[in-house]
Amino acid sequence: MKLYPIFSMLCAAILFFSCADNKKTSEKNTEIAPSKNIKTEDVVYNIRGVNYKSFAAFPADSDQPKPVVMVIPEWWGLTDYAKNRAKQLAELGYFAMAVDFYGEGKVVDNPEEAGKLAQPFYQIPINAKMIFDAAKAHVVTFPNADNSKIAVIGYCFGGAQALNMARQESDLKGVVSFHGNLETGVRAKNNKVRILVCNGANDGFVSPAEIASFKKEMDSAKINYQFINYPNSLHSFTNPASTEMGKKFNLKIAYNKEADEKSWNDMKTFLADIFK
């Protein structure tokens, strides 16, 4: 378990410089133009006396049930980046929900606070499952959400949590992790949840040993998974602001347009396949 707090602080520092310090740039680069083809809605619910404010996006032109894709954000909370990914998924025809993991739609802008908020989910994984299950329970109340077809995607912290949901949620169709850590103290069970890992081949924060251990775990549990390394890609390769911040703070992070687009397309193929 000692690995996880160390990784948490490293990832928090990276995301702090690449996202929080340049929030306006990041949001500008990932913003999606308003579309008449989708609707968005804040979804508020209570867990143990705290209001959680998740964000739903779905096609506006049909009341027919759509496959559900839940988005687990980076550990800065429910930022515009996560919401925009939900909008992109809605544009593809899915019912998407970006999940509020901290409550009150909280977004933080410093690594100390982010670490304090995120760490309990590594130390007590059942807490993450409780938050996820509550969000999922509200997704399925929408008549245009198909509760028989649910997948999860996540970024960094969210990628780790997406993998943990795959390890624990046997009714999911599949999960996708984008540059998330792979070992979090939760071991895979033999189930039919399919997994796609989108990893930067040059990501110094996901070691070869961790990759080997993850693959051994998946193989031992007989999990149907894909592990894709994107060439010449560092940590945070889907974040358009990461290159500038990497240079400014001498961090080994960078945006890779080719890897970003390729991994998104690989996700689209994966979702189409699992939702057949």
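Two strands pair if DSSP finds at least two bridges between them. β6 and β7 meet that rule: they pair in the parallel sense over 5 bridges. The views below come from a predicted model.

**View 1. The open sheet has 8 strands with mixed pairing.** The strand order is β1-β2-β4-β3-β5-β6-β7-β8. β1 (38-47) and β8 stand at the edges. Each has a single partner strand, so one side of each is left without a neighbour in the sheet. From one strand to the next, the twist averages 20°. The protein as a whole has 9 helices and 8 strands. Of its 276 residues, 57% are buried. Many contacts span long stretches of chain: among those between residues at least 6 apart in sequence, 71% join residues at least 24 apart.

**View 2. β7 is joined to β6 and to β8.** On one side, β6 and β7 run parallel, with 5 bridges. Look for Val 176, whose bridge partner in β7 is Leu 196. β7 also runs parallel to strand β8 (residues 225-230), and 6 bridges join these two. Here Gly 200 has Tyr 230 in β8 as its bridge partner. In a regular strand, side chains alternate between the two faces of the sheet.

**View 3. β7, helix α7 and β8 make a right-handed β-α-β unit.** Helix α7 covers residues 208-220. The helix packs on the sheet and touches both β7 and β8. Its direction makes about 160° with that of β8. Lys 222 lies in the loop between α7 and β8. This lysine has a positive phi of about 60°, although it is not a glycine. Is Lys 222 buried or exposed? Its relative accessibility is 65%, so Lys 222 counts as exposed.

**View 4. Ser 236 has a positive phi too, near 65°.** Ser 236 is a residue other than glycine. Its place is in the loop between β8 and α8 (242-249). Ser 236 is buried, with a relative accessible area of 1%. Set that against Lys 222, which is exposed.

**View 5. Ile 195 belongs to the largest nonpolar core.** This core holds 52 residues. Which of them touch the most other members? They are Phe 101, Val 175, Ile 195 and Phe 214. Leave aside residues up to four places away in sequence, and Ile 195 still touches a long list. Among them are Leu 163, Ala 166, Val 175, Phe 214, Met 218 and Phe 270. Ile 223, Asn 224, Tyr 225 and Gln 226 are also touched by Ile 195. A second, separate core has 30 residues, including Leu 89, Ala 96, Leu 271 and Phe 275.

**View 6. Lys 189 sits in the loop between β6 (174-178) and β7 (194-200).** Its relative accessible area is 56%. The cut-off for exposed is over 50%, so Lys 189 is exposed. Even so, Lys 189 touches Arg 167, Ala 221 and Ile 223, not counting residues up to four places away in sequence. Now find Ser 170, which is 19 residues from Lys 189 along the chain. The C-alpha atoms of the two are separated by 8.8 Å.

**View 7. Tyr 81 and Tyr 155 form an edge-to-face pair.** The count of aromatic pairs comes to 15. In this one, the ring centres are 5.4 Å apart and the planes lie at 85°, so the pair is edge-to-face. Tyr 81 lies in helix α3 (residues 80-91), and Tyr 155 in strand β5 (residues 145-155). The pair therefore ties together parts that are 74 residues apart in sequence. Tyr 81 counts as buried at 7% relative accessibility. Tyr 155 is buried as well, with a relative accessible area of 1%.

**View 8. Tyr 102 and Phe 121 form a stacked pair.** Their ring centres are 6.4 Å apart. Their planes stand at 20°, so the pair is stacked. Where does each residue lie? Tyr 102 is in the loop between β4 (95-98) and α4 (111-123), while Phe 121 is in helix α4. The pair ties together parts that are 19 residues apart in sequence. Tyr 102 is buried, with a relative accessible area of 11%. Phe 121 is buried at 8% relative accessibility. Both rings belong to one aromatic cluster, formed by Phe 101, Tyr 102, Phe 121, Tyr 122 and Phe 157.

Methods
Residues are numbered from 1 along each chain as its sequence is written. This is a predicted model: local features need pLDDT of at least 70, side-chain atom pairs count only at pLDDT 80 or more; totals for chains, interfaces and linings use all residues. Side-chain values use heavy atoms; hydrogens and water are left out. A nonpolar core is a set of buried Ala, Val, Leu, Ile, Met, Phe, Trp, Tyr and Cys residues joined through side-chain atoms within 4.5 Å. Buried means under 20% relative accessible area, exposed over 50%, partly exposed in between (1.4 Å probe, protein chains only). Contact means heavy atoms within 4.5 Å. Helices (H or I, at least four residues) and strands (E, at least two) are DSSP runs, numbered from the N terminus. Rings of Phe, Tyr and Trp (its six-membered ring) pair if their centres lie within 6.5 Å; planes under 30 degrees apart count as stacked, over 60 as edge-to-face and the rest as tilted. A crossover is right-handed if, with the strands pointing away from the viewer, the path from the first strand over the helix to the second runs clockwise. Axes are lines fitted to C-alpha atoms, for helices over the stretch in contact, and angles run from 0 to 180 degrees between N-to-C directions.
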